[in-house]
Amino acid sequence: MAKIGTYISEAFEELKSNVTWPEWAEVQRLTIVVAVFSVLFALATWGVDEIFAKALAGFFNWIKA
């Protein structure tokens, strides 16, 4: 159990001393970029899903007729 505690404390020390953290303004800018691309990707996925759903419905209606 002591090894786990040592590992965790060393990991936190590594994060405090050796990691270069971005500035707050950069974090905000990149968060907005990720949010915008997430919405765009969701809309693109929804659009493709709608197209395939209509194509499959048309195909099955064609087979049924």
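## Two helices and their surface

User: Is glutamate 13 buried, partly exposed or exposed in this structure?
Analyst: Happy to start there, with the reminder that this is a predicted model. The relative accessibility of glutamate 13 is 43%. Buried would need under 20% and exposed over 50%, so glutamate 13 counts as partly exposed.

User: Which side chain meets glutamate 13 in a salt bridge?
Analyst: A search of the whole structure turns up 1 salt bridge. Both of its residues lie in helix H1, 3 residues apart, which is about one turn of the helix. The N to O distance is 3.9 Å, and the cut-off is 4 Å. The partner of glutamate 13 is lysine 16.

User: And is lysine 16 buried or exposed?
Analyst: Its relative accessibility is 65%. Exposed begins over 50%, so lysine 16 counts as exposed.

User: How many helices does the protein chain have?
Analyst: Helix H1 covers residues 2-17, and helix H2 covers residues 24-64. There are 0 strands alongside them. The number of helices in the protein chain is 2.

User: Why is the chain said to be more spread out than a compact globule, and what is its radius of gyration?
Analyst: For 65 residues the globule rule gives 11 Å, and the chain is well over that, so it is more spread out than a compact globule. Along the principal axes, its C-alpha atoms fill a box of roughly 70 × 35 × 10 Å. The radius of gyration is 25 Å.

User: What percentage of the residues count as buried?
Analyst: The accessible surface of the protein chain is about 6,300 Å², with 73% of it belonging to carbon and sulfur atoms. Buried means under 20% relative accessible area. Of the 65 residues, the share that counts as buried is 2%.

User: What accessible area does the nonpolar patch have together?
Analyst: Met1, Ile4, Tyr7, Ile8, Phe12, Leu15, Val19 and Trp21 form this patch on the surface. One of them, phenylalanine 12, lies in helix H1 and counts as exposed at 52% relative accessibility. Together the patch residues have an accessible area of about 940 Å².

User: How far apart in space are isoleucine 51 and isoleucine 8?
Analyst: Isoleucine 51 sits in helix H2 and is exposed, with 59% relative accessibility. Isoleucine 8 belongs to the nonpolar patch. The two are 43 residues apart in sequence, and their C-alpha to C-alpha distance is 50 Å.

User: What is the distance in space between alanine 44 and glutamate 23?
Analyst: Alanine 44 lies in helix H2 and counts as partly exposed at 43% relative accessibility. In sequence, alanine 44 and glutamate 23 are 21 residues apart. C-alpha to C-alpha, the distance is 32 Å.

User: How far apart are the centres of the positive and negative side chains?
Analyst: The protein chain carries 5 positive and 7 negative side chains. The centres of these two sets are separated by 12 Å.

Notes
Residues numbered from 1 in each chain as written. Predicted model: local features only at pLDDT ≥ 70, side-chain atom pairs only at ≥ 80, totals over all residues. Heavy atoms only, no water. Helix = DSSP H or I, 4+ residues; strand = E, 2+ residues; numbered from the N terminus. Rg over C-alpha atoms; globule rule 2.2 N^0.38 Å. Buried < 20%, exposed > 50% of the residue type's maximum accessible area, 1.4 Å probe, protein only. Areas by Shrake-Rupley, 256 points an atom, 1.4 Å probe, with all protein chains shown as cover. Lys, Arg positive; Asp, Glu negative; His and termini not counted. Charge placed at Lys NZ, Arg CZ, Asp CG, Glu CD. Patch = residues over 30% accessible without salt bridge, like charges linked within 9 Å, V, L, I, M, F, W, Y side chains within 5 Å.
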